[in-house]
Amino acid sequence: MKKRFKSIFLIFTTFILVVIIYDHKYNLEFKYHVFGYDKKLFDGDFLHPAYAYLKNNKLIGIEYISNPECGKTNRKYFFDDKENLNRIIYEIDFFSKHCDEKKDSLYIIKRENNDILIHEKNGGEINNAELEKMMSSFNLKKFKTKIKTWK
């Protein structure tokens, strides 16, 4: 009986650790990407904050955090050395009972060879016009004008 309890406890603990590590993997990846930034600009909205990370006056990352009534959404934009948008991590977590449905999704949107690839949390590639639009419609010039008012 003790061995069975230990086995179940070990499996449960391992499962929880894997979920926690997987969930935080992309947050750590973004923090590593923007590590060493010169400036961190804040839009001033404490309820739905947005942060822009600059290094040598070049944009290296943007983070939007939204906390709607139903849960939270996070968008993290990755830029290369030439300020080209090359990846977005979009996380949706609706956990409140006030929502019509529970939703827990993580999308990784990448630009490779002028193609936009979208991967779900489980790693499967999907086609989603709304998420493709998020990647292709980002206007760097407009955003740089916008962040001039941020502190």
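Here are legends for a set of close-up views of this predicted model.

**View 1. The whole chain, for orientation.**
Before zooming in, it helps to have the overall layout in hand. The protein has three helices and eight strands, and along the sequence these run α-β-β-β-β-β-β-β-β-α-α. There are 151 residues, and 30% of them count as buried. If you take the contacts with a separation of 6 or more, 33% come from residues 24 or more positions apart. The accessible surface is about 10900 Å², with 55% of that belonging to carbon and sulfur atoms.

**View 2. Helix 2 and its two sides.**
This one looks at residues 129-136, which make up helix 2. Which residues of helix 2 are buried? They are Leu131, Met134 and Met135. These three sit on the same side of helix 2 because they cover an arc of only 95 degrees around the axis. Swing over to the other side and you find Ala129, Glu130, Lys133 and Ser136, which are exposed. Glutamate 132 also belongs to helix 2, and with 30% relative accessibility it counts as partly exposed. Its C-alpha atom lies 9.7 Å from that of arginine 111, a residue 21 positions away along the chain.

**View 3. The largest nonpolar core.**
Here we go inside the protein, to a core of 22 residues. Ala52, Tyr77 and Phe143 have the most contacts within this core. Several elements chip in: strand 2 (50-55), strand 3 (58-66), strand 4 (71-79), strand 5 (85-94), strand 6 (103-112) and helix 2 each supply at least two residues. Which strand gives the most to this core? That would be strand 5, with four residues.

**View 4. Around alanine 52, and a second core.**
Alanine 52 is one of the residues with the most contacts inside the largest core, so let's zoom in on its surroundings. Leaving aside neighbours within four places in sequence, alanine 52 is in contact with Lys39, Lys40, Leu41, Leu59, Gly61, Phe143, Ile147 and Trp150. There is also a second, separate core, made of eleven residues. Among its members are Phe42, Tyr51, Tyr53 and Ile60.

**View 5. Arginine 87, a charged residue tucked into strand 5.**Arginine 87 has its place in strand 5. Is arginine 87 buried or exposed? At 18% relative accessibility, arginine 87 counts as buried. Its side chain is joined to that of glutamate 29 by a polar contact of 2.3 Å. Not counting residues up to four places away in sequence, arginine 87 touches Glu29, Lys76, Tyr77, Phe78, Ile108, Ile109, Lys110 and Met135. Two names on that list turn up in earlier views: Tyr77 is among the residues with the most contacts inside the largest core, and Met135 is one of the buried residues of helix 2.

**View 6. Two loop residues with positive phi.**
Two loops go side by side in this view. Asparagine 57 lies in the loop between strand 2 and strand 3, and glutamate 83 lies in the loop between strand 4 and strand 5. Asparagine 57 has a positive phi of about 60 degrees although it is not a glycine. Glutamate 83 isn't a glycine either, and has a positive phi of about 65 degrees. What about burial? Asparagine 57 is exposed, with a relative accessible area of 56%, whereas glutamate 83 counts as buried at 14% relative accessibility.

**View 7. Aromatic rings in pairs.**
How many aromatic pairs are there? The count comes to eight. In one of them, phenylalanine 42 and phenylalanine 46 have ring centres 5.2 Å apart and planes at 55 degrees, so the pair is tilted. Phenylalanine 42 counts as buried, at 19% relative accessibility, while phenylalanine 46 counts as exposed, at 72%. Then there are phenylalanine 143 and tryptophan 150: their ring centres are 5.6 Å apart and their planes at 85 degrees, so this pair is edge-to-face. Phenylalanine 143 and tryptophan 150 are buried. Elsewhere, ring pairs link Phe30, Tyr37, Tyr53 and Phe78 into a cluster. Of these, Tyr53 is included in the second core, and Phe78 is in contact with arginine 87.

Methods. Residues numbered from 1 in each chain as written. Predicted model: local features only at pLDDT ≥ 70, side-chain atom pairs only at ≥ 80, totals over all residues. Heavy atoms only, no water. Buried < 20%, exposed > 50% of the residue type's maximum accessible area, 1.4 Å probe, protein only. Arc of directions from axis to C-beta. Core = buried A, V, L, I, M, F, W, Y, C linked by side-chain atoms within 4.5 Å. Contact = heavy atoms within 4.5 Å. Areas by Shrake-Rupley, 256 points an atom, 1.4 Å probe, with all protein chains shown as cover. Polar contact = N/O pair within 3.5 Å; in protein donor to acceptor, adjacent residues only side chain to side chain. Phe/Tyr/Trp six-rings, centres within 6.5 Å; stacked < 30°, edge-to-face > 60°.
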